[in-house]
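Reader: Could you take me through one part of this model closely, with the cut-offs spelled out as you go? I'd love one connected answer.

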Amino acid sequence: MSCFPWQQEQWERLCSYHAKGRLPHAILLEGPRSTGKQAFARVFANYMLCSSPRNYEPCGSCHGCQLLKAGNHPDLVDMEPEEGSKTIRVDEIRAFVASTALTPQTAACRIALISPAEAMNQAAANSLLKTLEEPNPGNHILLVSHAPWELPATIRSRCQHLMFPLPGKQEAIDWLTAQQPDDEWPGLLDCVRGAPLKAIEFKQQHGLDSYREEKRRFAALLSGKANLVEVGTAWSKDETGMIANWIFHWTLDLARANESGIMQMHDRELAGWLKDLIPRMDSVKLFSVLDKLSSLQQGIRLRNLNAQMQFETLALELMEAGE
Ligand SMILES: [Zn+2]
């Protein structure tokens, strides 16, 4: 059991802190979604709770490792939203904070894993703050976050930050290919902003089909052959912001081609479909769409009932750009 190859540096850093007895009380593991931060936190918790680690990895066979495998180690406190809920309950955090005054039950320390940390509401965050301000020795908190900017500044400032950037594209392709050989990994990675674990999920859900479908819809829209309400409905159902991200890249590609010629386009398929239209496109409209998409992407988690309308406006503008 070990971390992903692109997390080696972070792993060595934490192991070195630990070996020197200087592991921070609270560590915020932050970075893009679906790159394996939570898995990393879990393996590291296992490493900390293992009684005989070897070569900076948990042994997998001691009492602590056995308890972890069975999912009932008393010194690992897992805090995440319950199924169907988006928030971590305040009483869970309170119970953990109360337990930090006690001696760990079987291991040398107690580990709390909070994931995603931004799922704590204000009351939960306030409760956690108490133990961050006055930590009890022998307790460590690993907070995993895809959106650390949503955490209260008081929490952020009391954690040691550990960044998990996306792996390099070739590194991700090599790892994915080792899991399962497939020529489509580079294309799949492009669709999911380079996050390897998301690429696997995307492949299982036949994501490339929906990618192609959306691309056809996008091209149809620019050619004035799509229904705005239908497009708005389809796009506004996208909870993850993935479609908005695709539209952003296609639009950017078109703006580039509109300015510097069709040979500059990355997406050759789209270039082929729209080659007659591209030189005539309204670049002001294209840039306005890019602007709107940026603000939409930033607010994607906070989207309200207006999502449909916002996407319809966007679709209309794209349609006008092609007129
Ligand atoms: Zn062990």
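Author: Happily! The cover over the buried residues of helix H4 includes strand S2 (76–79), strand S3 (110–114), helix H5 (122–133) and strand S4, where helices (H or I, at least four residues) and strands (E, at least two) are DSSP runs, numbered from the N terminus, and covering rests on contact, meaning heavy atoms within 4.5 Å. Those buried residues of H4 (residues 90–99) are Val90, Ile93, Phe96, Val97 and Ser99; buried means under 20% relative accessible area, exposed over 50%, and partly exposed in between, with a 1.4 Å probe and protein chains only.

Please keep in mind that this is a predicted model, in which local features need pLDDT of at least 70 and side-chain atom pairs count only at pLDDT 80 or more, while totals for chains, interfaces and linings use all residues. Residues are numbered from 1 along each chain as its sequence is written, and side-chain values use heavy atoms, with hydrogens and water left out.

Back to S4, which spans residues 139–145 and holds Ser145. Ser145 has 0% relative accessibility and therefore counts as buried. Its side chain makes a polar contact with the side chain of Glu118, at 2.6 Å; such a contact is a pair of N or O atoms within 3.5 Å, and within protein one must be able to donate a hydrogen and the other to accept it, with residues adjacent in sequence counting only if both atoms are side-chain atoms. Beyond neighbours within four places in sequence, Ser145 touches Leu28, Leu29, Glu30, Gly31, Lys37, Ala117, Glu118 and Leu151.
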